[in-house]
Amino acid sequence: MEISVSYLSSKYSKEATIRLIEATDADYIHVDLMDGGFVPHKNFTIDEVLALLGEHKKPLDIHLMVFDPIIYIEELAKLKPKYITFHVEATKDIVKTIEEIRKYGIHVGLSIKPNTDLYELMPYLSLVDLVLLMSVEPGAGGQEFIFDSVARLQELVKVREENHLSFKIEMDGGINKDTIKLVKELDIAVSGSFICKGENYQEKINELRNI
Ligand code: DX5
Ligand code: ZN
């Protein structure tokens, strides 16, 4: 399982947190962007994100918690991220948004909130590289893991197998050294406060890997 580290909640500045993540063996930097509409809080301008991550070394895993994700893609493509993931609940133009991300050679992720029926994903599963299952309500770090997410993961693994599909499955929210044991089938686990609220990021990542 790969580990993607979210710097949303940390005791240090965003810049310092990113430097600390870069010094570990984490597989990705998970970039949470919120527009103050799809989720209550806004946490970025495009210029800030480009400045903050312009020099990044690890692959970026961008998680858009925004309405109309399509309008952000051209600018975010300048960061050459590995993945751009948007929410199935955020737009009616899902296929168009997938195509827009692909246009830049970026891998496409589709995310789903904990209370949205997994059925909503079905028409798009053959078109995406990644499905991001939210295991908390999107919008803030440091929330408790929602245990129904375990059954949702199992269901999605089954759908993937039955349909001979190859998208990766990622989960985001409340992942720590205990909850990660419940979701071992994941391809990528996002973890934020469990890692970034600690002192020694590598030690925390080792605890996640050591399951
Ligand atoms: C929540 C964000 C997450 C968050 C995860 O809306 O998408 O990426 O930072 O943080 P933890 O691991 O603290 O739940
Ligand atoms: Zn996220």
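Biologist: In this predicted model, how are the donor residues of the zinc ion (ligand 2) spaced in sequence?

Modeller: The spacing of the donor residues around the zinc ion (ligand 2) reads H-x1-D-x30-H-x108-D along the sequence.

Biologist: What makes H30, D32, H63 and D172 coordinating residues of the zinc ion (ligand 2)?

Modeller: A donor is an N, O or S atom within 2.8 Å of the metal, and the NE2 atom of H30, OD of D32, ND1 of H63 and OD of D172 coordinate the zinc ion at 2.0 to 2.3 Å, so these residues meet the criterion.

Biologist: Why is the arrangement around the zinc ion (ligand 2) called octahedral?

Modeller: Six donors count as octahedral if opposite donors are over 155 degrees apart and all others between 65 and 115; the six donor atoms here subtend angles of 71 to 170°, which makes the arrangement octahedral.

Biologist: What makes the approach of S6 and S193 to ligand 1 a polar contact?

Modeller: The cut-off is a pair of N or O atoms within 3.5 Å; a polar side-chain atom of S6 lies 2.7 Å from an oxygen atom of ligand 1, and for an N or O atom in the side chain of S193 the distance is 2.5 Å, so both qualify. Of the 380 Å² that ligand 1 exposes when taken alone, the protein buries 100%.

Notes: Residues numbered from 1 in each chain as written. Chains lettered and ligands numbered in written order. Predicted model: local features only at pLDDT ≥ 70, side-chain atom pairs only at ≥ 80, totals over all residues. Heavy atoms only, no water. Donors = N, O, S within 2.8 Å, 3.2 Å for Na, K, Ca; no water. Tetrahedral: all angles 85-135°; square planar, octahedral: opposite > 155°, others 65-115°. Polar contact = N/O pair within 3.5 Å; in protein donor to acceptor, adjacent residues only side chain to side chain. Areas by Shrake-Rupley, 256 points an atom, 1.4 Å probe, with all protein chains shown as cover.
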